[in-house]
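Trainee: I am new to this structure. Please pick a single part, look at it closely, and then place it in its surroundings.

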Amino acid sequence: MHAVVWSNNCLTLLNQTLLPAKVEYIDCYDWQRAAEAIKRLEVRGAPAIGAAAAFALVLGARAIAGLTMPEFRQKLADTAEALQQTRPTAVNLFWAINRMMAVLQKLPEQADTLAAIAALEQQALAIAQEDKAVNEKMAVHGAKLFTSPVSVLTHCNAGALATVAIGTALGVIHEAWSQGNITRVFADETRPLLQGARLTAWELMQAGIPVTLITDNMAGWVMKNNMVQAVIVGADRIALNGDVANKIGTYSVAVLAKEHGIPFYVAAPTSTFDFTIHSGADIPIEERCATEVTSFGGNCVAPQGVEVFNPAFDVTPHPLVTAIITEFGILRAPYNQAISQLSKQCE
């Protein structure tokens, strides 16, 4: 089951807002529907968002094929800007869009719009294919951190539903489980949208990996009772100093892991690193609508008119991060040096 599929000039997305109760796909024939899917979290997870945005640009390009090349370039730039506004925290979105627009800039002046569309489609396909290869490499590197059977805890969803392939954190879990070194996964439900309960638990059950679902505020007690020996999560943006933005609640888990002497691992491809910012203080944090907090399952659970603070992400400071798993290997502190070296490998 794939979260992002491109076929016959149509972007098909698995509607993750309906899982696990219903498996439904969304066919996007224009970039506006794809942008809406990203904003609504019908497609989510940093790598999947990046791939979806890349294909959305192809759809946008196809819609304006009849324009002159200068008009085509300007109109597509407007589309790219609109797509960037959908999810401001996930850096993969900007990475994918910038990579797509760079293809357009490199085309010769005499190129026509049909040639531009073909080049953009090839780049989007390459982004998707590379994500698959990156996931597999991260899984192999990350599994090396687990040399004896342990239980692990994860937060939100960083599996196949969040990427084009097997996932980041869950990709590592799959590989380590296949080697007999992960025996059980404790999945935080991940309020307020329950990505852990709806998506991670469902994915792991589908794969036959033992999973125990807990509410977010049970994590500390689970750790105190030695029910987990490691934490592994994904990421939406990582700064040069190793500060990690991920789904809200990740910071709390990291603090608890530190208190209980449990390693806290982050799995993320290089496309999730933002080499332009120095620390987590520079990461924009998306805030979402109040109804996500004031309602549950469509039912109101809070007083009408109550003030709500609903950040979609938080930032875990790098001293709380034991290691970062990438497709190039394992990064450890000092992260500013390790990530600086990583940026050179990506040039």
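Mentor: Start with a scale for exposure: buried means under 20% relative accessible area, exposed means over 50%, and partly exposed lies in between (1.4 Å probe, protein chains only). This is a predicted model, where local features need pLDDT of at least 70 and side-chain atom pairs pLDDT 80 or more, while totals for chains, interfaces and linings use all residues. Residues are numbered from 1 along each chain as its sequence is written, and side-chain values use heavy atoms, without hydrogens and water.

Our part is Arg40. Its relative accessibility is 45%, so Arg40 counts as partly exposed. The side chain of Arg40 meets that of Glu36 in a salt bridge (a side-chain nitrogen of Lys or Arg within 4 Å of a carboxyl oxygen of Asp or Glu). The N-to-O distance between Glu36 and Arg40 is 2.3 Å. Glu36 has a relative accessible area of 30%, so this partner is partly exposed too. The pair does not stand alone. Arg33 and Glu42 join Glu36 and Arg40 in a network of salt bridges. Side chains of opposite charge can pair when their charged atoms come close.

Now widen the view. The structure holds ten salt bridges. One of them joins the side chains of Lys22 and Glu24, at 3.2 Å from N to O. Lys22 is partly exposed, at 44% relative accessible area. Glu24 is partly exposed as well, at 29%.

Another charged pair is Glu286 and Arg87, whose closest N and O atoms are 2.6 Å apart. Glu286 sits in the loop between β10 (264-267) and α10 (291-294), and Arg87 in the loop between α3 (69-84) and α4 (91-106), so this bridge ties together parts that are 199 residues apart in sequence. Helices (H or I, at least four residues) and strands (E, at least two) are DSSP runs, numbered from the N terminus. Where Arg40 is partly exposed, Glu286 and Arg87 are both buried.

Helix α3 also holds Lys75. Lys75 is partly exposed, with 44% relative accessible area. Ile64 is eleven residues away from Lys75 in sequence. In space, the C-alpha atoms of Lys75 and Ile64 are 7.8 Å apart.

Next, the strands. In one open sheet the order is β1-β2-β3, and the pairing is antiparallel. Strands pair if DSSP finds at least two bridges between them. β1 and β3 (25-28) stand at the edges with a single partner strand each, so one side of each has no neighbour in the sheet. Four bridges join β1 to β2 (residues 10-14) in the antiparallel sense. Across that pairing, Ser7 faces Cys10 in β2.

A second open sheet has three strands, in the order β8-β9-β13, again with antiparallel pairing. Its edge strands are β8 (237-238) and β13 (313-316), each pairing on one side only. Two bridges link β8 and β9 (residues 244-247), and the two strands run antiparallel. Ile238 has Val244 in β9 as its bridge partner.

Parallel pairing appears around β4. This strand pairs with β5 (residues 182-188) in the parallel sense, over five bridges. Val150 stands opposite Ile182 in β5. β4 also pairs in parallel with β7 (residues 230-233), here over two bridges. In this second pairing, Val152 is opposite Ala230 in β7.

A helix completes the picture. β4, helix α6 (residues 169-178) and β5 make a right-handed β-α-β unit. Right-handed means that, with the strands pointing away from the viewer, the path from the first strand over the helix to the second runs clockwise.

Exposure ties β4 back to where we began. In β4 (residues 150-154), five of the five residues are buried, so the strand is largely enclosed by the rest of the structure. In a regular strand the side chains alternate between the two faces of the sheet. Val150, Val152 and Thr154 are buried on one side of β4, and Ser151 and Leu153 are buried on the other. Both faces of β4 are thus covered. Set Arg40 beside this: at 45%, Arg40 is partly exposed, and its links are to the salt-bridge network with Arg33, Glu36 and Glu42.
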